[in-house]
Amino acid sequence: MKHLHREEAKWLSDRDCEIRTGVPAVSVRVWAKRGKVARSKSVDTGRVVYLVADIVKQAGLAHVSMDQEPRSV
């Protein structure tokens, strides 16, 4: 079930973003620090999460599906 969540979620932890997109977690964190990737705190867990669509755009990945509307965290 967690795997399904990772495939459909709009906001993910840096590690889950790495698993989903192949972009190293350290790159996700650096891009967020530079303002290129949105980050927020999850209201459910309090963990820092990153907007997958921004990571896909920054990395130039067209193969990662971004069909759903973003949700607030």
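A polar contact is a pair of N or O atoms within 3.5 Å. One such pair turns up in helix 2 of this predicted model, where the backbone oxygen of Cys-17 sits 2.7 Å from a polar atom of the Thr-21 side chain. Thr-21 belongs to helix 2, and its side chain also reaches the backbone nitrogen of Val-23, at 3.2 Å. Buried means under 20% relative accessible area, so Thr-21, at 8% relative accessibility, counts as buried.

Thr-21 has company on the inside. Helix 2 spans residues 14-21, and its buried residues are Asp-14, Asp-16, Cys-17, Arg-20 and Thr-21. Looking down the axis of helix 2, these buried residues fall within an arc of 160°, so they line one face of the helix. Just after helix 2 comes Gly-22, which takes a positive phi of about 90°.

Helix 4 can be looked at in the same way. This helix covers residues 52-59, and Val-52, Ile-55 and Val-56 are buried in it. Seen down the axis of helix 4, its buried residues fall within an arc of 100°, so they too line one face of their helix. What covers them includes helix 2 and helix 3 (25-33), along with strand 1 (11-12) and strand 3 (48-51). Right after helix 4 sits Gly-60, with a positive phi near 70°.

Some of these residues show up again in the largest nonpolar core. That core has 13 residues, and those touching the most other members are Cys-17, Val-23, Val-28, Val-37, Tyr-50 and Ile-55. Helix 3 and helix 4 are the elements that give two or more residues to this core. Val-23, whose backbone nitrogen is reached by the side chain of Thr-21, makes quite a list of contacts: leaving aside residues up to four places away in sequence, Val-23 touches Cys-17, Glu-18, Val-28, Trp-31, Ile-55, Ala-59 and Leu-61. Glu-18 lies within the span of helix 2, residues 14-21, while Ile-55 is one of the buried residues of helix 4.

A word on confidence is in order. The chain averages a pLDDT of 84, and 78% of the residues score at least 70. Residues 67-73 are another story: pLDDT stays under 50 there, and the model has 13 contacts beyond four places in sequence for this stretch. Where pLDDT is low, the predicted coordinates should not be read in detail.

Methods. Residues numbered from 1 in each chain as written. Predicted model: local features only at pLDDT ≥ 70, side-chain atom pairs only at ≥ 80, totals over all residues. Heavy atoms only, no water. Buried < 20%, exposed > 50% of the residue type's maximum accessible area, 1.4 Å probe, protein only. Helix = DSSP H or I, 4+ residues; strand = E, 2+ residues; numbered from the N terminus. Arc of directions from axis to C-beta. pLDDT = per-residue confidence, 0-100. Contact = heavy atoms within 4.5 Å. Polar contact = N/O pair within 3.5 Å; in protein donor to acceptor, adjacent residues only side chain to side chain. Core = buried A, V, L, I, M, F, W, Y, C linked by side-chain atoms within 4.5 Å.
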